[in-house]
Amino acid sequence: MGAQQVRDGFVGLYGAEPEGVWAAPGRVNLIGEHTDYNDGFVMPFALPHVTVAAVSRRTDGLLRLHSADIGGGTAAPVELRVDELAPESDRDWTAYPAGVVWALREAGHAVTGADVHLASTVPAGAGLSSSAALEVVVALALNDLFELGLRGWQLARLCQRAENVYVGAPTGIMDQTASACCAEGHALFLDTRDLAQKQIPFDLAAEGMRLLVVDTRVKHAHSDGEYGKRRAGCEKGAALLGVDALRDVPYAELDAALGRLGDEEEVRRLVRHVVTEDERVERVVSLLESGDTRAIGPVLTEGHLSLRDDFRISCPELDLVVDTANASGALGARMTGGGFGGSAIVLAEETDVPAITKAVEEAFATAGFTTPRVFEAVPSAGARRLT
Ligand code: ADP
Ligand code: MG
């Protein structure tokens, strides 16, 4: 997706050059799943796949939105008035960018309108955060054009608010922070309690390894409801244990904490996942920092088993990717993202990639599943201005 192409699209729609062109990436999460609403640790990195937006300011209160990816790009721009934006009033894709404008204005920033045209290479609904890429690219463009002076983490907070309140989707802070703040060749170690960040060098190619993303192309029904149930279960666990969030249960005291949960079997499983997952993130950080990159493979697989057996958000397609990849020589594999479909990641030696890819594709064909989309994920740059 080139800046020029999106610029040309803008000129065709609005009859003038845009003031600028911006890009924001999708992400995969290396480790730290379902920890971000428990004040815990996550470790995403940005994909080379980006949403690119050409944007100009307006001063007349009009917000015009157009996506090349909706309806073949042939529809007219959607026209909204910035002073009439209202949470949960819009069930369409425009709720994401309009929600960003709403959140900025709610926070007191004088955003007086804009013309927006965008196009994306981030697969939508694949668990790779096309929604965050869309929000962040719009937020960054408006931040620059209206000279708001907001930092990446502040834009991420506003985008999360747009998604939670305006769109009405309960999500944590990871996706937006990843899209806004990741750095090329690095994974982002993020403490979701205080948003403290550390860029961890993660250059697999230099060490002869690859990280594959396997998009299963399935999204099972009820995944939003299941997300809400897990979230509520985690909150119940924290309340029963008398802590603000499950992040406050030290790993060393996990057994004692589980003992105190008595016969709350479901809550016990959720707590065990979250507390062990935070520990896995810390373990991956220290392995990467000590240069022992291959040793993170088994930690990824451990994380998958915890999501499958304790958190119970995997599905047959995701399990098949993990089992097949590991049986074909992968260093480790896990589902990534919210669960019940979406994508899995596979860490492998470069030389094993063709055999693993073939084995996964064959296993899907044998099982009668939709052919998965397999691609290599190179840790890429976060949101930025292109022109
Ligand atoms: P994910 O973030 O995992 O890709 P979500 O369901 O959170 O999945 O977000 C996908 C939604 O975001 C799409 O249904 C659409 O409304 C919106 N979206 C994402 N990318 C684009 C795009 N390029 N153009 C228009 N809408 C988009
Ligand atoms: Mg999303």
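Q: Is the crossing of α4 and α5 right-handed or left-handed?

A: Two packed helices are described by the angle between their axes and the distance between the axes. In this predicted model, where local features need pLDDT of at least 70, side-chain atom pairs count only at pLDDT 80 or more, and totals for chains, interfaces and linings use all residues, the crossing of α4 and α5 is right-handed, the near helix being turned clockwise from the far one by less than a right angle. Residues are numbered from 1 along each chain as its sequence is written, ligands are numbered from 1 in the order in which they are written, and side-chain values use heavy atoms, without hydrogens and water.

Q: Which residues of α4 and α5 make the contact?

A: On α4 the contact (heavy atoms within 4.5 Å) is made by Gly152, Trp153, Ala156, Cys159, Gln160 and Glu163, and on α5 by Gln176, Thr177, Ala180 and Cys181.

Q: Which polar atoms lie close to ligand 1, as for aspartate 69?

A: A polar contact is a pair of N or O atoms within 3.5 Å. A side-chain N or O atom of aspartate 69 is 2.7 Å from a nitrogen atom of ligand 1, while an oxygen atom of ligand 1 lies 2.8 Å from a backbone N or O atom of glycine 125, and a polar side-chain atom of serine 131 lies 3.0 Å from an oxygen atom of the ligand.

Definitions and conventions:
Helix = DSSP H or I, 4+ residues; strand = E, 2+ residues; numbered from the N terminus. Polar contact = N/O pair within 3.5 Å; in protein donor to acceptor, adjacent residues only side chain to side chain.
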